[in-house]
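User: I should like to go through the reasoning behind the terms used for this model. Please set each value against its cut-off.

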Amino acid sequence: MKDNKHQLFDLASKFGLALGLFWSFKYLFYMMSIDSSMMAIVYQILTFFGLFVSYRICCLYSTKAFDGKITFSQTWRFCVLLYAFAAIIVAPFHYIFYEYIAPQDFLETIFTQLYTLWEDAGADAEMMKRVREVPIFSPIEMSFLGILNNIFNGIFVSIPIAFFVSKKKTGS
C-alpha cells in the first residue's frame, strides 16, 4: 500500500488521542504522588506500560495502513506524530496541576532542590549564579515544556519501537 500522508496524520491523531487520554489518566497518579509515594510508584509503572501501549498502537498502524509490511521510517514518523498529538492532549492536565492543584511553592521547591543538588555535585559557582538568575517557570510555561519534552522523548523512544515494528517489504 502506498504511503499516504493523509492517512498518517488521520491515524496518528486518532491513536494520539487515545495515548493522550492514557497519559492524562497516568498523570492523575503523578498529581496524587505529592501526598503518597505509592502513587509515584504506580505512575512509574504506568509510564513503562505506556511504552508497550505505544508499541501496540504502532503495530495496529502497521496492520491498518500497510497490511503489516511497514518500513522503519514509516513507523518512526507515525510514532513521533503519535507522541506529538498525545502531548497536546495531556498538556491541559499539566497546566491544571501546576496552576490549581500543586502547592503554591511547588515549582520553587523543585528548583531549589535542583540548585542544591547541582551545588553538592560541584557545579561551577559562576554557572550557579547565572542559573539562579533565571526566573522560575510559570504553569503555562511548564505546560509548553511538557509538550516539548514529550515530543523530544517521542523522537528517541520511537527508534526502538520502529525497529521492532518494522518489517521488510516483500516483493513489489
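User: How many aromatic pairs does the count come to?

Analyst: This is a predicted model. The count comes to 21 aromatic pairs.

User: Why is the pair of tyrosine 95 and tyrosine 100 called edge-to-face?

Analyst: Two values decide the matter. The ring centres of tyrosine 95 and tyrosine 100 are 6.3 Å apart, and a pair requires centres within 6.5 Å. The angle between the two planes is 85 degrees; edge-to-face applies over 60 degrees, so the term holds.

User: What makes the pair of tyrosine 98 and phenylalanine 106 tilted?

Analyst: The ring centres of tyrosine 98 and phenylalanine 106 lie 6.2 Å apart, with the planes at 40 degrees. Planes under 30 degrees apart would count as stacked and those over 60 as edge-to-face. An angle of 40 degrees meets neither condition, so the pair is tilted.

User: Is tyrosine 95 buried, partly exposed or exposed, and which term fits tyrosine 100?

Analyst: Tyrosine 95 has a relative accessible area of 27%. Buried means under 20% and exposed means over 50%, so tyrosine 95 is partly exposed. Tyrosine 100 has a relative accessible area of 59%, which is over 50%, and therefore counts as exposed.

User: How do you know whether tyrosine 98 and phenylalanine 106 are buried or exposed?

Analyst: The relative accessibility of tyrosine 98 is 15%, and that of phenylalanine 106 is 16%. Both values are under 20%, so both residues are buried. Tyr98 and Phe106 also belong to one aromatic cluster, together with Tyr27, Tyr30, Tyr43 and Phe97.

User: Where is asparagine 150, and why is it called buried?

Analyst: Asparagine 150 is placed in helix H6, which covers residues 139–165. Its relative accessibility is 15%; this is under the 20% limit, so asparagine 150 counts as buried. Apart from neighbours within four places in sequence, asparagine 150 is in contact with Trp23, Tyr83, Ala87, Val90 and His94.

User: Which elements make up the protein chain, and what share of its residues is buried?

Analyst: The protein chain has six helices and zero strands, and its order from the N terminus is α-α-α-α-α-α. Of its 172 residues, 35% are buried.

User: What do the contacts say about separation along the sequence?

Analyst: Among contacts in the protein chain with a separation of 6 or more, 79% join residues 24 or more positions apart.

User: What area does the protein chain expose, and which atoms supply 67% of it?

Analyst: The exposed area is about 10,700 Å², and carbon and sulfur atoms supply 67% of it.

Conventions
Residues are numbered from 1 along each chain as its sequence is written. This is a predicted model: local features need pLDDT of at least 70, side-chain atom pairs count only at pLDDT 80 or more; totals for chains, interfaces and linings use all residues. Side-chain values use heavy atoms; hydrogens and water are left out. Helices (H or I, at least four residues) and strands (E, at least two) are DSSP runs, numbered from the N terminus. Buried means under 20% relative accessible area, exposed over 50%, partly exposed in between (1.4 Å probe, protein chains only). Contact means heavy atoms within 4.5 Å. Accessible areas come from the Shrake-Rupley method with a 1.4 Å probe; for residues, only the protein chains shown count as cover. Rings of Phe, Tyr and Trp (its six-membered ring) pair if their centres lie within 6.5 Å; planes under 30 degrees apart count as stacked, over 60 as edge-to-face and the rest as tilted.
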